[in-house]
Each structure stands twice: as structure tokens, then as C-alpha cells.
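Me: Please take a close look at one part of this structure, starting at the surface and working from there towards the charged side chains and their surroundings. I would like a connected account rather than a list.

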Amino acid sequence: MPTDRIRDHGGQGAPTVAAHRTRRRLRADQARQLADVLRRQLLTGGFPAGALPHESALATDYRASRNTVRQALDLLRAEGLVERLPGVGTVVVAEKYPHGLDRLMGLAETLREHGRVTNEVRTVGPAPAPAPVAERLHVPPGSDVLYIERLRRLNGLPLSLDLTYLPLDVGSALLGCDLENTDVFRLLEDLTGQPLGHAEITLEAVNADAHSAAVLQAPRGAAVLMLERLTHLADGRPVDLEFIRFRGDRITMSGLLRRSL
């Protein structure tokens, strides 16, 4: 890579500050690219022994410098995915669970192959609907809806904090149901006698507020995945508005998209 040079007072050549910064930026870019490739392998079982190859092997395999490999591993370590153990090397220490975005399923249905989902029902009962909630659920402004707040765990680990609003004529029947061990989706289909139809979703990253971070046992201010989902019955009626905060270090979103013009 060509570099600009300047002369110091002794007449010796020296890289310019701009050239030095350019090299650092390029190495950081390459490290980020390598971290993205390795992250995919980590999350899909690409290192079944639980340990990554030696830095020199990674450098050879990915045609990268040792410094770039070290920076990439530092990025993954900062995410909590790997750790360096003396005498062992870099090992996988965390697992993310897949959450599909191309099928309408409850969390227990989505993660059934990965363990047991349980729900800690923190709040449940009628509450006045905020105006935007009433509008989206097609209920009169100021009317009550059923509000449910649940901490959801997978194999005992906090995974998501779910805030759910349902029209009271549908939701009131949930008060006598087993909300701790059953997805709301399944209960809605049983109670209404019709299947769910479709959902509108929005996914974004937000910083965890103090309450959410404490409940999810995540660092305050950590990034969480916020999934907003409005679910409709098969006849088109909106019945379930959810704001779900997922721990970003324990969940990965995926889907199958087809191009149509």
C-alpha cells in the first residue's frame, strides 16, 4: 500500500499522520470483516470442538495478518462470544439462539429444539390503553385492555422482556390460563376458536433502560433487540400488540426473503 512521506528536520523520511491513520483504519476494517465471518461460524457450530484454530492458522486460512486476527478476536471477546484461556487458546463461551422472522410462532414454539421456555408473569390485569395502543388494536380510546408483562427464560437464562396488550373481550379469558408455561399465541387460538393469521413486525436495536437491564440481568445501556409485533387473527382482527426486548447477546434473528418486483 503506497504511503505519503514527509521529511523531518534531519532529512529522514517518515510516514505522515494521515498515512498512519489510513493503515489503522484499513486494519480495523479488515478485523471487522473477519469478525463477521467468524461470528457466523461460531453461531452455526463451525467450531464443534469449542476452540478456534490458533491465530497463525486463522491468519493463513483468511489471508490476514496476525494483528488483524487479534483485533477480530478482541471484537468477538467484547461481544462475550469467545474467551482466551491460558494454555488452551480462544474458546467459544456463549451461544445465541435462532429466532425466525419468516413464520408466525410463539417463543416456546420457535426455540423448542433448544430447551424449555418459561415465563415469569410480572404484571397482568386490565389497564387503560394508551392512545396509540387503542388505535392499533381497534378499541375505543380510553378503554381498558389486558396488559401482561413477562420475563421469558430459556433453560433458566433471561432471554426477553415482553410487554403485551390485548383487547379486553379477548384477553380477559387469559386471566385463568397458565401464562407461565404456555405461549399467548396458542392460548389465543384455543380461546377464539380460530388460527392466527398474520403479524406486522418492526425490529430495531435500542439501549436497555435501567428497568429492562435489571430484569434481563444485562448491563445498563447494553443494546437489546426490540421487536414490535401486531398480530391479527385469521379474520384480520388485531388481537395482540407486543413490545419485546431480547438480550442481543443471546438471540439472533433470521429469515428467508424472496425477491419480487
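Reply: A natural place to start is the nonpolar patch that Leu101, Ile201 and Leu203 form on the surface, where together they have about 230 Å² of accessible area; everything said here concerns a predicted model. Of these residues, Leu203 is found in strand S9, which runs over residues 196–207, and its relative accessibility of 36% makes it partly exposed, because only values under 20% count as buried and only those over 50% as exposed.

From there we can turn to the charged side chains. A search of the whole structure finds 20 salt bridges, and some of them deserve individual attention. In the pair of Asp36 and Arg39, the closest N and O atoms are 2.8 Å apart; the two residues are three places apart in helix H1 (residues 17–43), so about one helical turn separates them. Asp36 itself is partly exposed, with a relative accessible area of 43%.

The salt bridge between Arg122 and Glu149 has its closest N and O atoms 3.0 Å apart. Because Arg122 belongs to strand S6 (residues 117–128) and Glu149 to strand S7, this pair ties together parts that are 27 residues apart in sequence. The partners differ in burial class, since Arg122, at 35% relative accessibility, is partly exposed, whereas Glu149, at 9%, is buried.

Arg245 and Asp209 form a further salt bridge, in which the closest N and O atoms are 4.0 Å apart. Arg245 sits in strand S11 (residues 238–247) and Asp209 in the loop between S9 and H8, so the parts they tie together are 36 residues apart in sequence. Here Arg245 counts as buried, at 18% relative accessibility, while Asp209 is partly exposed, at 33%. Beyond such pairs, salt bridges that share partners join Arg150, Arg152, Asp162, Asp183, Arg229 and Glu242 into one network.

Two acidic members of this network merit a closer description. Glu242 has its place in strand S11 and is buried, with a relative accessibility of 3%; leaving aside residues up to four places away in sequence, Glu242 touches a set of residues that includes Arg150, Asp162, Phe185, Leu227 and Arg229. Asp162 lies in strand S8 and is likewise buried, at a relative accessible area of 1%. With the same sequence neighbours left out, the residues that Asp162 touches are Ile148, Glu149, Arg150, Arg152, Glu242, Phe243 and Ile244. The side chain of Asp162 also makes a polar contact of 3.4 Å with that of Arg152 and one of 2.9 Å with that of Ser160.

The nonpolar interior completes the picture. The largest nonpolar core holds 19 residues, of which Val133, Leu137, Val145, Tyr165, Leu216 and Leu241 touch the most other members. At least two residues of this core come from each of helix H5 (131–137), strand S7 (144–154), strand S8 (157–167), helix H8 (210–216) and strand S10 (223–233). For Leu137, contacts beyond four places in sequence include Val145, Tyr165, Leu230 and Leu241. Another core, of 15 residues, lies apart from the largest one, and among its members are Ala31, Leu58, Val69 and Leu73.

Notes. Residues are numbered from 1 along each chain as its sequence is written. This is a predicted model: local features need pLDDT of at least 70, side-chain atom pairs count only at pLDDT 80 or more; totals for chains, interfaces and linings use all residues. Side-chain values use heavy atoms; hydrogens and water are left out. A nonpolar core is a set of buried Ala, Val, Leu, Ile, Met, Phe, Trp, Tyr and Cys residues joined through side-chain atoms within 4.5 Å. Buried means under 20% relative accessible area, exposed over 50%, partly exposed in between (1.4 Å probe, protein chains only). Helices (H or I, at least four residues) and strands (E, at least two) are DSSP runs, numbered from the N terminus. Contact means heavy atoms within 4.5 Å. Patches are made of residues with over 30% relative accessible area and no salt bridge: like charges are joined within 9 Å, nonpolar side chains (Val, Leu, Ile, Met, Phe, Trp, Tyr) within 5 Å. Accessible areas come from the Shrake-Rupley method with a 1.4 Å probe; for residues, only the protein chains shown count as cover. A polar contact is a pair of N or O atoms within 3.5 Å; within protein, one must be able to donate a hydrogen and the other to accept it, and residues adjacent in sequence count only if both atoms are side-chain atoms.
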